[in-house]
Structures are given as structure tokens and as C-alpha cells.
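User: Please take a close look at one short helix of this model. Which parts of the protein surround that helix, and how do those parts fit into the wider fold?

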Amino acid sequence: MQQREHRFKVLVIGDLGVGKTSIIKRYVHQHFSANYRATIGVDFALKVLDLDQDTIRVQLWDIAGQERFGNMTRVYYRDAIGAFVVFDVTRSCTFEAVRKWKEDLDDKVNVFGGNRIAAVLLANKCDQEKDDAFAKTYPRMEQFCREHGFISWFETSAKENINIDEAVTCLVRHIMASETDLLQREDMDTVSLKLDLGRGPPCSACLRP
């Protein structure tokens with residue numbers, strides 16, 4: 001099978017202080033620090049991975065937590081093909097903000113013929129005790145994801161390196177499957193069009209009563 005190369009722009013969004021930068025640093029550089037400064041505007045990092053004989057260049061765009069209230073997100077989101085929405089399990093208010101982030105994302109980004117962008121929900125800082133308010137919601141996370149259009153969710157910890165690689169692999173595989181499905185449908189449409197054009201108009205004899 002011929003090796004293919006892909007470039008995926010993936011957004012990492014969520015409220016201030018939920019650990020977006022820490023997740024990216026852990027995934028890209030295998031490094032964790034408790035002293036990252038708050039992201040101003042946007043930052044990004046690149047990770048190259050080999051998956052199923054394909055080379056995928058994943059651009060992770062770290063969007064500042066306060067940006068949801070600004071007008072620049074439409075610019076930052078442009079050409080994105082996937083997203084992680086992150087919240088902090090120790091602060092239930094960041095989970096409550098997830099809906100707003102997802103709504104903003106769906107409003108500004110469409111991919112694959114108008115479909116909603118593929119998004120994975122990350123419940124970060126799972127190495128710490130859950131906020132009591134979020135703990136009550138925890139058993140219904142699968143239902144929450146279905147209702148709000150997330151393809152999956154993971155408990156993650158940048159500090160302990162829990163489920164970060166798994167979450168990225170899940171999102172990348174979903175994107176690749178969606179691309180393959182779209183290309184197959186386009187090929188089928190092309191073949192159908194060629195067949196229709198090949199038939200040509202009916203002959204005059206066929207039209208005689």
C-alpha cells in the first residue's frame with residue numbers, strides 16, 4: 001500500500017487554566033511543568049506520527065481560554081479539521097462552559113461537505129479529586145457526548161501522562177475514516193456521472209411510439 005501524507009489542523013480549546021498547554025507539551029515534547037504561563041491569543045505545536053502506513057502531521061492550535069469572548073476565534077478556527085474541548089474535573093464551572101465552546105465551534109467550522117467538525121472531549125486533571133458538582137454528572141458523560149456531538153471522551157492527565165496519546169489517536173483515526181468515506185462517495189458520484197454522460201440522449205427510433 002502506498003504511503004500517504006496528511007496534514008491536520010486540530011484545535012485545543014476550553015476555559016482558562018484547564019490544562020490545554022500542558023496537554024500539548026506532554027503530547028509533543030513528553031514534558032510537564034506546573035508553571036506554564038497563560039496563553040495569549042494562540043500558539044501551536046507540530047507532532048508527526050506514523051499511523052497505518054500513513055504519515056500524519058498534526059498541528060495542535062492552543063487557543064487562549066478567554067478567546068471565546070472575542071471575535072478572533074473565527075480566524076483561528078479556519079481550516080481546522082478536528083478539535084479537543086478541554087475542561088478541568090476539579091472545577092465544575094469549566095465543564096459547564098464546554099457547551100458554549102462546542103456551540104461556538106459548530107457555528108464557525110464546517111468540514112467534509114458541511115458536517116460538524118470532529119471533536120473529542122477531554123476531562124483533564126483526572127489525577128486529582130473531582131469537583132463534587134461534576135462528580136454527579138460523571139456517570140452521564142456518554143449521554144452528554146452523544147447529545148452535544150462529541151465523537152468520544154477521555155479522562156486525561158498531562159501531569160501523569162494519562163490517555164493523551166489515546167485521545168489523539170482516536171481523533172486522527174476518525175478524521176482519516178471520514179476523509180476516506182468522503183473520497184469513496186466522490187468517486188461513486190464521478191462514476192455515476194460518467195455513466196450518465198456515456199449513455200447520451202436517446203435515439204430518435206427509441207422515441208417513436
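Analyst: **A short helix and its surroundings**

Serine 92 has its place in helix H3 (helices are DSSP runs of H or I with at least four residues, strands are runs of E with at least two, and both are numbered from the N terminus). The model is predicted, so local features need pLDDT of at least 70 and side-chain atom pairs count only at pLDDT 80 or more, while totals for chains, interfaces and linings use all residues. Residues are numbered from 1 along each chain as its sequence is written, and side-chain values use heavy atoms, with hydrogens and water left out.

Serine 92 counts as buried because its relative accessibility is 15% (buried is under 20% relative accessible area, exposed over 50%, partly exposed in between, with a 1.4 Å probe and protein chains only). Beyond the residues up to four places away in sequence, serine 92 touches Asp131, Ala133 and Phe134 (contact means heavy atoms within 4.5 Å).

Helix H3, residues 92-96, also holds phenylalanine 95. Phenylalanine 95 counts as buried because its relative accessibility is 9%. Once neighbours within four places in sequence are set aside, the residues in contact with phenylalanine 95 are Phe87, Phe134, Thr137, Met141 and Phe144. Phe134 is thus a contact of both phenylalanine 95 and serine 92. Phenylalanine 95 can also be placed relative to valine 18: their C-alpha atoms are separated by 9.7 Å, although the two residues are 77 apart along the chain.

These contacts lead on to other elements. Met141 and Phe144, which touch phenylalanine 95, belong to helix H6, residues 141-148. Phe87, another contact of phenylalanine 95, belongs to strand E4, residues 82-88. Helix H6 itself lies across strands E4, E7 and E8, and runs at about 135 degrees to E8 (axes are lines fitted to C-alpha atoms, for helices over the stretch in contact, and angles run from 0 to 180 degrees between N-to-C directions).

The strands beneath this description form part of an open sheet of six, in the order E2-E3-E1-E4-E7-E8, with mixed pairing (two strands pair if DSSP finds at least two bridges between them). Its edges are strand E2 (42-51) and strand E8 (152-156), each of which pairs on one side only. From one strand to the next, the twist averages 25 degrees.

At the E8 edge, strand E7 (residues 118-124) runs parallel to E8, and five bridges join the two. In this pairing, leucine 122 stands opposite phenylalanine 154 of E8.
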